[in-house]
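Trainee: Can we go through the chain interfaces in this one?
Mentor: Yes, go ahead and put it on the screen.

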Number of protein chains: 4
Amino acid sequence: MKNTHAVPVEFGDTDPAAIVFYPNFFRWFDASAWRLFAKAGLTLDVFRQEYGLIGAPIVQATSKFITPLRFGDSIEITSYVNSWQRKTFHLVHEVLRGTELCAQGVEIRVCAERLTDGSEGIRAVPIPDDIRRRLSED
Amino acid sequence: MKNTHAVPVEFGDTDPAAIVFYPNFFRWFDASAWRLFAKAGLTLDVFRQEYGLIGAPIVQATSKFITPLRFGDSIEITSYVNSWQRKTFHLVHEVLRGTELCAQGVEIRVCAERLTDGSEGIRAVPIPDDIRRRLSED
Amino acid sequence: MKNTHAVPVEFGDTDPAAIVFYPNFFRWFDASAWRLFAKAGLTLDVFRQEYGLIGAPIVQATSKFITPLRFGDSIEITSYVNSWQRKTFHLVHEVLRGTELCAQGVEIRVCAERLTDGSEGIRAVPIPDDIRRRLSED
Amino acid sequence: MKNTHAVPVEFGDTDPAAIVFYPNFFRWFDASAWRLFAKAGLTLDVFRQEYGLIGAPIVQATSKFITPLRFGDSIEITSYVNSWQRKTFHLVHEVLRGTELCAQGVEIRVCAERLTDGSEGIRAVPIPDDIRRRLSED
């Protein structure tokens with residue numbers, strides 16, 4: 001399963017060099033992850049109510065920035081899971097302007113639940129088969 | 001040369017799970033990089049006027065997120081260059097809450113100049129010795 | 001002239017109360033203003049090259065927040081100029097979820113040029129008739 | 001009761017005109033409100049546990065932008081409540097660079113609780129006397 005969505009590059013996303021301030025790419029990656037999840041039926045409510053999870057928080061994020069983006073650029077981000085481990089999975093995000101790959105990100109995420117010790121702590125759990133299946137279908 | 005500065009975790013930095021929305025870590029890393037540069041005398045004006053550079057843009061950024069941070073947490077970020085190549089250098093950012101390492105980021109940056117072809121393009125140049133020296137002193 | 005565009009409410013736009021962190025509304029208003037300008041042919045390049053302006057910076061911004069928005073809400077923002085003075089104009093931004101008005105913003109903007117004294121200062125200039133005309137047409 | 005805190009203007013806060021992108025002022029105002037609340041003993045936990053409130057969400061926000069701010073500027077924000085109504089209160093935020101007033105914001109906030117109908121809705125309640133008292137002391 002892949003999801004592609006269009007992202008406008010806004011004036012406020014850019015810096016004094018007139019190129020996108022890089023943390024915004026990660027903001028877009030997170031939004032892209034949620035769109036892929038939604039396509040798989042995994043809304044925040046479903047994470048919470050069906051699986052008892054707070055969601056799929058990040059444990060590592062990386063991006064290569066290949067071509068600077070400017071205000072007014074039209075980009076598309078394609079996202080998909082490209083590997084599964086017992087407790088983590090890797091999400092790839094490809095940022096394209098037309099056919100040009102401008103940035104490529106990888107997020108490593110877990111499925112996390114709230115600790116039951118009264119703290120606000122969270123911990124990773126083995127990824128439910130059902131979540132893996134939902135994100136792997138075409 | 002290292003720089004350490006305190007960063008408050010604000011309400012607006014956190015998400016519905018009440019933990020910091022991860023792109024904010026990269027926002028902090030960028031601010032931390034600029035503080036290290038400033039400590040070395042490398043303000044944006046110095047980059048522009050002394051070196052003819054637009055600054056030191058990112059080509060890759062990575063972070064491990066080890067412990068979630070919450071609104072009201074007091075953190076410190078320590079930043080330093082830990083390797084130099086001809087055109088790139090690696091900046092490490094360690095996010096500590098007390099003595100606990102909560103996140104660790106690596107930014108790969110270049111020294112970039114504006115293209116002279118009238119486009120708004122930019123390109124990496126060999127890192128001026130002087131910039132390397134300034135960022136390596138204690 | 002009015003412009004309406006759809007804005008997705010992202011996970012990262014929301015806070016621990018699971019409602020949109022309010023500064024994001026102003027981020028949306030600024031993006032909406034640029035879309036209205038673009039519809040009138042007023043891109044950043046046109047501001048700079050045709051009019052010698054740095055753009056149309058804000059001198060005052062206000063918003064009423066009527067109904068909290070949540071992650072996954074689909075909203076539309078309609079923007080238009082509703083009054084002109086010699087040096088300022090008022091932009092209205094209406095945020096609708098379906099037919100429900102959830103927020104209403106007003107930005108007061110000026111047309112600004114860079115000072116020529118070598119400083120980085122800016123100053124408001126009388127609004128060029130041409131800009132007023134472009135933003136007033138249907 | 002007033003609270004004053006220093007805010008660094010970061011590179012990432014600024015736009016292609018090299019001045020602060022205005023929604024960031026509102027981000028600062030929200031952080032300043034929380035600092036004032038904290039000074040009065042009103043942390044998010046206290047709002048929740050002592051008063052059964054989700055916090056003090058915004059119903060209206062306004063700012064005048066008097067002098068543009070640039071990367072590297074050192075500013076201080078002074079915040080205080082300047083009027084109380086039964087369900088709303090007005091918070092003033094003064095942004096100073098040295099002695100120069102660069103922006104002035106007013107937030108109108110309410111004390112809100114979660115609806116008990118199972119929805120995620122919220123509603124304003126009469127401001128607890130205790131909260132008013134805490135925010136009015138010197």
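**Chain interfaces**

Mentor: This is a predicted model. To start, the rule finds zero salt bridges across the interface of chain B and chain C.

Trainee: OK, and how many residue pairs in polar contact are there between chain B and chain C?
Mentor: The count is zero, with both residues required to be at pLDDT 80 or more.

Trainee: What classes of residue does chain B put there, on the side that touches chain C?
Mentor: Four nonpolar, two polar and one charged.

Trainee: How many residues touch on each side of B and C?
Mentor: Seven residues of chain B are in contact with seven of chain C.

Trainee: And what area is buried between chain B and chain C?
Mentor: About 730 Å², and carbon and sulfur atoms give 70% of that. On the chain B side, the residues losing the most area to chain C are B:F11, B:P16 and B:F21, which together make up 58% of what that side buries.

Trainee: Switching to A and B. How many residues are in contact there?
Mentor: 29 residues of chain A contact 29 residues of chain B. The two chains bury about 2,300 Å² between them, with 61% of it on carbon and sulfur atoms.

Trainee: Which three residues of chain A supply the most of its buried area against chain B?
Mentor: A:Y22, A:F65 and A:R70, at 22% of the area chain A buries there.

Trainee: How many salt bridges for A and B?
Mentor: Zero by the rule. There are, however, 11 residue pairs in polar contact between chain A and chain B, both residues at pLDDT 80 or more.

Trainee: Which elements of chain A give two or more residues to that side?
Mentor: α1, β2 (58-65) and β5 (100-114) of chain A. The largest share, eight residues, comes from β2(A). By class, the side of chain A that touches chain B divides into 16 nonpolar, four polar and nine charged residues.

Trainee: Back to the helices. At what angle do α1 of chain A and α1 of chain B cross?
Mentor: Roughly 175°, with the axes coming within 8 Å; each helix spans residues 23-39 of its chain.

Trainee: Why call α1(A) and α1(B) roughly antiparallel?
Mentor: Because of that crossing angle; over 145 degrees counts as roughly antiparallel.

Trainee: Which residues make the contact between them?
Mentor: A:P23, A:F26 and A:R27 from α1(A), and B:P23, B:F26 and B:R27 from α1(B). That contact has four nonpolar, no polar and two charged residues.

How values were computed:
Residues numbered from 1 in each chain as written. Chains lettered and ligands numbered in written order. Predicted model: local features only at pLDDT ≥ 70, side-chain atom pairs only at ≥ 80, totals over all residues. Heavy atoms only, no water. Axes fitted to C-alpha atoms, helices over the stretch in contact; angles between N-to-C directions. Helix = DSSP H or I, 4+ residues; strand = E, 2+ residues; numbered from the N terminus. Parallel < 35°, antiparallel > 145°, perpendicular 65-115°, else oblique. Contact = heavy atoms within 4.5 Å. Nonpolar A, V, L, I, M, F, W, Y, C, P; charged D, E, K, R; others polar. Buried area = accessible area lost by both parts, 1.4 Å probe. Salt bridge = Lys/Arg side-chain N within 4 Å of Asp/Glu carboxyl O. Polar contact = N/O pair within 3.5 Å; in protein donor to acceptor, adjacent residues only side chain to side chain.
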